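User: Could you show me how to read a beta sheet in a model like this one? I would like the general idea, then the case at hand.

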Amino acid sequence: MLKSQAKYHLGQVVRHRKHPFRGVVFDVDAMFSNTEEWYDAIPEESRPDKQQPFYHLLAENEQSYYVAYVSEQNLVPDNSGEPVDHPDLPDLFGEFEDGIYPLHFQLN
């Protein structure tokens, strides 16, 4: 039986370990739940293990805003104290406060 606990939580600001982007966690998969096509598009030497949490992020870099799907091993906490400017944030979260975004909607 796979037992997995997510290191990061909803509303937390994180950054990618290798690539220059950061984002806000808005969903977590206990293990890989994307398509095989998506996974196979990652260079083999860089492919993360599927048996770990994967995070859906409202992400930003210097050029754009997008949704990212990132393995736990490739994330680190963002301790900059700076808000993320993704335009979809207000749909899911309240105002940035004390380094996190509080959930703006009720979970089932």
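**Reading the sheet**

Analyst: Happy to! Let's start with one pair of residues: Val-14 stands opposite Gly-23 in β2. Please keep in mind that this is a predicted model.

User: Which strands does that pairing belong to, and how many bridges join β1 to β2?

Analyst: In general, strands of a sheet pair through backbone hydrogen bonds, either parallel or antiparallel. Here, β1 (residues 13-16) and β2 run antiparallel and are joined by 3 bridges. The two strands form a hairpin, with 5 residues between them.

User: What stands opposite Gly-23 in β3?

Analyst: That is Ala-59. So Gly-23 faces Val-14 as well as Ala-59 in β3. Another bridge links Arg-22 to its partner Glu-60 in β3. Taken together, β2 (residues 22-29) and β3 (residues 54-60) pair over 7 bridges, in the antiparallel sense.

User: In what order do the 5 strands lie in the sheet?

Analyst: Reading across, the order is β4-β3-β2-β1-β5, in an open sheet with antiparallel pairing. The edges are β4 (65-71) and β5 (75-77), each of which pairs on one side only.

User: By how many degrees are neighbouring strands turned against each other?

Analyst: On average, neighbouring strands of this sheet are turned by 45 degrees against each other, with direction ignored.

User: And how should I think about side chains along a strand?

Analyst: As a general idea, side chains in a regular strand alternate between the two faces of the sheet.

Terms used
Residues numbered from 1 in each chain as written. Predicted model: local features only at pLDDT ≥ 70, side-chain atom pairs only at ≥ 80, totals over all residues. Heavy atoms only, no water. Pairing = 2+ DSSP bridges. Helix = DSSP H or I, 4+ residues; strand = E, 2+ residues; numbered from the N terminus. Axes fitted to C-alpha atoms, helices over the stretch in contact; angles between N-to-C directions.
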